[in-house]
Structure formats: C-alpha cells, structure tokens
Amino acid sequence: MDSPDSDGLLAEQLLRLTRRLHRIQSRQLEPIGITPAQFRLLRTVAQYDGPPRMADLAQRLDVVPRAVTSLVDGLEASGRVRRAPDPASRRVVRVEITDEGLATLRSLRSARRAAAEEILAPLTADQREVLGGLLSALVDGMPERRC
C-alpha cells in the first residue's frame, strides 16, 4: 500500500514537471510572440467547425469570460484572430482564426514538439510508451470539473 508520503512526493514531482514544461514552452513561444494562454485559446478556436462564441471559449477553457476577452484582444492585435458578428444575434460575438493565426499554430506545434522532446529526452522509447499510458489513465479518469 502506498504511503501518504509517497503520494505527496509524486504530487510534488508532477508539479515540478508541469512548471518545467511551462518554462520550456514559454521559452519556445517567446520568439513567436505569443503566451501559453494565447496558444491554448488559439488551439481551441481552431478546434471548432465554425467561429465559436466568446462564451463557448470561456466554458471550454474553464475560465471567466473576461479572461477570454483579454486573450482575444491580444490575439486580435497581432492579427491572429478577428471578432465577427453572429448572424443570428447582434449581441453575440464570434471569434474567427485568421490565416496568420493558422500559420502561427503551425509554428507553435513545432515549438510544442521541441518542448516535449526536451522533457522526454532522458526516457527510452519503451519508457515513453509506459508514461503515455499512465498519463492517459490519469487524464481519462479525471472527472469533469465544473465551478
């Protein structure tokens, strides 16, 4: 049986790894001129079949609508997204990804792969496969959090 101390150590290791991955990713994203939060929003917008509403993005990202507004402001200023009116409701604003945004996503995917490679470098192919299975079990086993 695992002791509470080993669970605490495991939690600390996961947190340290998450912080390290975040630092590496931030370093990779800096030359592209985008933050990790903006990258996440850009990826999320691209996953929709059509331009999502700001409220949809807030819900999908599990953040307050004001946070989405700030992220969209930054991405819009850099030409990566644009706000578009909803054809069915004048009060609704949708977010469209631009060609510049799509080009940025391609660059970001390369940066993300480089960050993952840096983190995973000490592992063998077999260890990476085992880690992938363990992470999938953790992610798939997490209940949805609703605030």
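In this predicted model, Val72 is in contact with Leu41, Met54, Val81, Arg83 and Val95, once its neighbours within four places in sequence are left aside. Three of these names come up again in the core: Val72, Leu41 and Val95 are among the residues with the most contacts inside the largest nonpolar core, together with Leu42, Val68 and Leu108. That core has 19 residues. Two or more of its residues come from each of α2, α3 (54-61), α4 (65-77) and α5 (99-120). As a general background, nonpolar side chains tend to be buried together in soluble globular proteins.

It helps to step back to the chain that holds this core. The chain contains six helices and two strands, and from the N terminus on its elements run α-α-α-α-β-β-α-α. The strand pair thus appears in that order after four helices and ahead of two further ones. Along its principal axes, the C-alpha trace spans about 60 × 35 × 25 Å. Of the contacts in the chain with a separation of 6 or more, 51% are accounted for by residues 24 or more positions apart. Of the 147 residues, 22% count as buried. The area exposed by the chain is about 10,300 Å², and carbon and sulfur atoms supply 56% of that area.

A polar residue is worth a look beside the nonpolar core. Gln38 is found in helix α2 (residues 36-47), and α2 is also one of the elements that give two or more residues to the core. Is Gln38 buried or exposed? With a relative accessible area of 12%, Gln38 counts as buried because this value falls under the 20% cut-off. Residues up to four places away in sequence not being counted, Gln38 touches Gly33, Leu71, Gly74 and Leu75.

Attention can now turn to a pocket. The second largest pocket has a volume of about 200 Å³. Which residues line this pocket? The lining is made up of Leu10, Gln13, Leu14 and Leu17, along with Leu131, Leu134, Leu135 and Leu138. At least two lining residues are supplied by each of α1 (4-29) and α6 (125-140). By residue class, the lining divides into seven nonpolar residues and one polar residue, with no charged residue. The leucines named above are nonpolar, and Gln13 is the polar member of the lining.

Conventions:
Residues are numbered from 1 along each chain as its sequence is written. This is a predicted model: local features need pLDDT of at least 70, side-chain atom pairs count only at pLDDT 80 or more; totals for chains, interfaces and linings use all residues. Side-chain values use heavy atoms; hydrogens and water are left out. On a 1 Å grid over the protein atoms alone, a cavity is a set of points where a 1.4 Å probe fits but cannot get out, and a pocket is an open set with protein on both sides within 12 Å along at least five of seven lines; lining residues have an atom within 4 Å of a point. Grid points are joined across faces, edges and corners, and a volume is the space filled by probe spheres set on the points. Buried means under 20% relative accessible area, exposed over 50%, partly exposed in between (1.4 Å probe, protein chains only). Contact means heavy atoms within 4.5 Å. Accessible areas come from the Shrake-Rupley method with a 1.4 Å probe; for residues, only the protein chains shown count as cover. A nonpolar core is a set of buried Ala, Val, Leu, Ile, Met, Phe, Trp, Tyr and Cys residues joined through side-chain atoms within 4.5 Å.
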